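Biologist: Please take a close look at one part of this model for me, the packing of a helix pair. Then add a word on a pocket, for comparison at my bench.

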Amino acid sequence: MDLPLLTSDLPGIAGRIKASPATFVVEEIPAYEPCGEGDHIFLWIEKVDLSAEQLQMHLSRALGIDRRDIGMAGLKDRQAITRQWVSVPRGCEAKLAEVEGDHVRVLDSARHRNKLKTGHLRGNRFVITVEGVEAGDLERAAQIRDRLLALGVANYYGPQRFGRDEETLRLGLALLRGETNERSIPFSRRKFLTRLAISAVQSWLFNQVLSERLRDELLHSVLAGDVLQVCASGGLFVCDEPMVDQARCDQREVVITGPMFGVKMKQPLHEPLLRERRVLETSGISGENWQSWSRHAPGARRAMVIHLTELSLMQRASESIELSFALPSGAYATSVLREFARANVDAEVDRCSS
């Protein structure tokens with residue numbers, strides 16, 4: 001999709017990202033620290049140029065355990081330096097030295113009572129170097145930074161969500177439209193790929209609803225019938241007093257949400273409902289299509305805007321600019337990066353991520 005920008009009226013900057021792993025550093029912001037006791041070991045791991053799947057395979061072989069015994073809060077980019085907590089059973093303690101290798105280091109370890117589960121993180125902190133910038137780009141980047149700090153960032157799903165050449169998205173669309181079924185997927189990867197493919201469709205549809213809202217200059221305008229989320233608690237409610245809720249939105253107390261379609265998704269009303277239905281119908285998917293896939297995609301709502309608490313710029317050399325920022329769990333660095341280096345961010349991240 002051609003996703004519109006919040007800063008389309010401002011000149012972007014030149015440059016490229018992910019020229020090497022060292023130019024893309026991601027550090028997990030954990031939801032909690034290990035308590036120091038229990039039947040699981042939390043490992044604070046640094047990996048370089050290694051996908052999440054490759055890390056799991058490495059840990060499984062090095063520690064002699066099943067991949068299902070390994071806990072991760074989130075998946076991290078391949079071509080990057082990433083740091084994250086990973087949990088393994090306590091019985092692995094004697095073999096921890098085997099984990100160290102050319103692409104993996106254990107920076108710390110501590111015991112905890114529970115296995116680390118998907119989503120058990122507050123977010124991620126990024127330090128990303130844009131290389132090949134031109135004279136004046138730092139000033140242009142500062143204008144974009146100021147706009148994003150004032151308005152937030154459109155909470156798009158990144159291209160890596162849809163698979164290489166969008167193959168994961170195409171599989172999900174075929175499944176939802178009844179053009180194929182789960183038996184077409186190799187059994188060893190069936191459960192994982194099916195869930196991934198269906199969620200890719202949810203993400204693609206969310207991006208479309210968000211795109212329309214931004215193009216129509218309604219991304220920050222509360223409409224009657226919108227499903228709003230309370231920022232402090234995460235609670236959802238349907239707006240019936242737009243003027244009151246607009247003031248709350250402007251104060252960043254609440255945020256407008258978009259659809260992650262599914263049978264349990266909270267439905268909007270009035271114009272927001274018509275907008276979401278139109279996107280769904282245009283895709284060739286009906287509301288009934290989600291019934292068969294409720295175990296993989298029950299449905300939810302997702303904030304359309306992320307409000308940044310930090311976004312800094314630094315000229316590292318004459319031809320590079322370093323961006324530092326933090327994002328909540330589930331948000332994509334591409335949502336920030338594409339506002340700056342617009343020409344190649346999606347292609348480079350899609351090519352390099354896993």
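Modeller: A crossing is called right-handed if the near helix is turned clockwise from the far one by less than a right angle, and left-handed if anticlockwise. Keep in mind that this is a predicted model. Two packed helices are described by the angle and the distance between their axes.

Take helix H4, residues 187-215, and helix H6, residues 270-282. Their axes come within 10 Å. They cross at roughly 130 degrees. Angles over 145 degrees would count as roughly antiparallel, and 65 to 115 as roughly perpendicular. H4 and H6 are therefore oblique to each other. The crossing of H4 and H6 is right-handed.

Now the side that each helix brings. H4 contributes Leu205, Gln208, Val209, Glu212 and Arg213 to the contact. From H6 come Pro272, Arg275, Glu276, Arg278, Val279 and Leu280. Sorted by class, the residues of this contact are 5 nonpolar, 5 charged and 1 polar.

Next, the pocket. The second largest pocket has a volume of about 470 Å³. It is lined by 19 residues. Closest to its centre are Gln229, Cys231, Ala303, Val305 and Pro328. Strand E11 (300-303) and strand E12 (305-306) are the elements that give two or more residues to this lining. E11 gives the most, with 3 residues. The lining holds 8 nonpolar, 8 polar and 3 charged residues.

Note on methods: Residues numbered from 1 in each chain as written. Predicted model: local features only at pLDDT ≥ 70, side-chain atom pairs only at ≥ 80, totals over all residues. Heavy atoms only, no water. Axes fitted to C-alpha atoms, helices over the stretch in contact; angles between N-to-C directions. Helix = DSSP H or I, 4+ residues; strand = E, 2+ residues; numbered from the N terminus. Parallel < 35°, antiparallel > 145°, perpendicular 65-115°, else oblique. Contact = heavy atoms within 4.5 Å. Nonpolar A, V, L, I, M, F, W, Y, C, P; charged D, E, K, R; others polar. 1 Å grid on protein atoms, 1.4 Å probe; cavity = no way out; pocket = protein on both sides within 12 Å on 5 of 7 lines; lining within 4 Å. Points joined across faces, edges and corners; volume = space filled by probe spheres on them.
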